[in-house]
Amino acid sequence: MILCADDYGLSDDIDHAVLDLCGARKLSAVSCMVVFERCTTKSLCELRKYEVPVDIGLHFCLTDEGLPLATLRAGTLPWIFPSFGNLFRRALAGQVAAQEIASQVSTQYDLFFDKCGRRPDFIDGHLHVHQLPGVREGLLDFVLSLPSGARPYVRNTYLPLKKIRRNRLPWLKAALIGAFGAQTRKRLHAANVATNDGFAGIYDFREWQHYAKYLPRFAACLEKPNGILVVHPGSRDAWRRQELKTLREFSFASGSPNRFQH
């Protein structure tokens, strides 16, 4: 199982929590929001101290949480960062152009390389936007434009609903996100782009008091080494604090989570 923390670079409390968990060997992947000015070369250098046991990836952003933006390269296609609801509606209406998305992913990929000094091991989208219609096609076009030996793996959020229900986990939000994940997984397999086998960690953040009982059930959903359990540790919000506390105390059957196995 891969245990992946999202949102590195979003705020200080998240960064500190992620580095703490990396040091305790509780994580095997971290997804970084390099579009933020505060996600600096220095902060990524701190994360790179753990790059032997931890995959470091690009958590690309297309919604208004991407402001204030880092300076983008001259000549790139401008992108107006909408709210998630606005982007979601446009995507379902077929109003998101794959070419425009590919350009924005390319910009953030280059920004990752400039700040981190290396290519990302994987790519996913903040709020899972990389799986929306138009967005997933643009992302796939960009990944396929890279040399075959340098392509990152791409996350998908598919998990059979029966596994979620069998493990007595919240299912409605996971089913919706997983439906987009199923389409993304199908496209990635058809294009021979590496992706994960299973995905867990979705719940209503307002139900954070139940996270301690959710976490082992999430882990039980992932039977394959390349299954991803996504987490959001931090200290500023109650739900992030609860995740951090639970992760610190959680014991993995194998001793520590896996990196992605190609």
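**Exercise 1.** State which residues S83 is in contact with, leaving aside its neighbours within four places in sequence, and place S83 in the fold.

*Solution.* Step 1: in this predicted model, the contacts of S83 beyond four places in sequence are T63 and D64. Step 2: S83 belongs to the loop between β3 and α3 (84–92). Step 3: the relative accessible area of S83 is 32%; buried needs under 20% and exposed over 50%, so S83 is partly exposed. Step 4: from S83 to D13 the C-alpha to C-alpha distance is 24 Å, with these positions 70 residues apart in sequence.

**Exercise 2.** Decide how far the predictor's confidence supports the model, and where pLDDT is under 50.

*Solution.* Step 1: the protein has a mean pLDDT of 93. Step 2: a pLDDT of 70 or more is reached by 95% of its residues. Step 3: the stretch under 50 is residues 70–77. Step 4: for this stretch the model has 13 contacts beyond four places in sequence.

**Exercise 3.** Give the strand order of the open sheet and say which strands are at the edges.

*Solution.* Step 1: the order is β5-β4-β3-β2-β1-β7-β6, seven strands with parallel pairing. Step 2: β5 and β6 each pair on one side only, which makes them the edge strands. Step 3: for one pairing inside the sheet, take β2 (residues 29–32), which is joined to β3 by four bridges. Step 4: in this pairing, V30 stands opposite I56 of β3.

**Exercise 4.** Find the residues with the most contacts inside the largest nonpolar core, then list the contacts of C32.

*Solution.* Step 1: the core has 82 residues. Step 2: V18, L27, V30, C32, L47 and F60 have the most contacts inside it. Step 3: among the elements, α4 gives the most to this core, with seven residues. Step 4: beyond four places in sequence, C32 is in contact with Y8, L44, L47, I56, G57, L58, H59 and F112. Step 5: as background, nonpolar side chains tend to be buried together in soluble globular proteins.

**Exercise 5.** Classify the ring pair F122 and Y153 as stacked, edge-to-face or tilted.

*Solution.* Step 1: the aromatic pairs number twelve. Step 2: for F122 and Y153, the ring centres are 5.2 Å apart and the planes are at 25 degrees, so the pair is stacked; the cut-off for stacking is under 30 degrees. Step 3: F122 lies in strand β4 and Y153 in strand β5, so the pair ties together parts 31 residues apart in sequence. Step 4: F122 is buried at 1% relative accessibility, and Y153 is buried at 2%.

**Exercise 6.** List the buried residues of helices α5 and α8, and what packs against them.

*Solution.* Step 1: in α5 (residues 135–145), the buried residues are V135, R136, G138, L139, L140, F142 and V143. Step 2: their cover includes β3 (55–60), α4 (98–116), β4 (122–125), β5 (153–154) and α7 (172–190). Step 3: in α8 (residues 211–221), Y211, Y214, L215, R217, F218, A219 and C221 are buried. Step 4: these pack against α6 (161–166), β6 (199–200), β7 (228–231) and α9 (238–249).

**Exercise 7.** Name the members of the aromatic cluster that includes W239, and find the charge over the ring of F205.

*Solution.* Step 1: the cluster is formed by Y203, F205, Y211, Y214, F218 and W239. Step 2: over the ring of F205 sits the charged end of K173, 4.3 Å from the ring centre.

Methods
Residues are numbered from 1 along each chain as its sequence is written. This is a predicted model: local features need pLDDT of at least 70, side-chain atom pairs count only at pLDDT 80 or more; totals for chains, interfaces and linings use all residues. Side-chain values use heavy atoms; hydrogens and water are left out. pLDDT is the predictor's confidence in each residue, from 0 to 100. Contact means heavy atoms within 4.5 Å. Buried means under 20% relative accessible area, exposed over 50%, partly exposed in between (1.4 Å probe, protein chains only). Helices (H or I, at least four residues) and strands (E, at least two) are DSSP runs, numbered from the N terminus. A nonpolar core is a set of buried Ala, Val, Leu, Ile, Met, Phe, Trp, Tyr and Cys residues joined through side-chain atoms within 4.5 Å. Rings of Phe, Tyr and Trp (its six-membered ring) pair if their centres lie within 6.5 Å; planes under 30 degrees apart count as stacked, over 60 as edge-to-face and the rest as tilted. A charge sits over a ring if NZ of Lys or CZ of Arg is within 6 Å of the ring centre and within 35 degrees of the ring normal. Two strands pair if DSSP finds at least two bridges between them.
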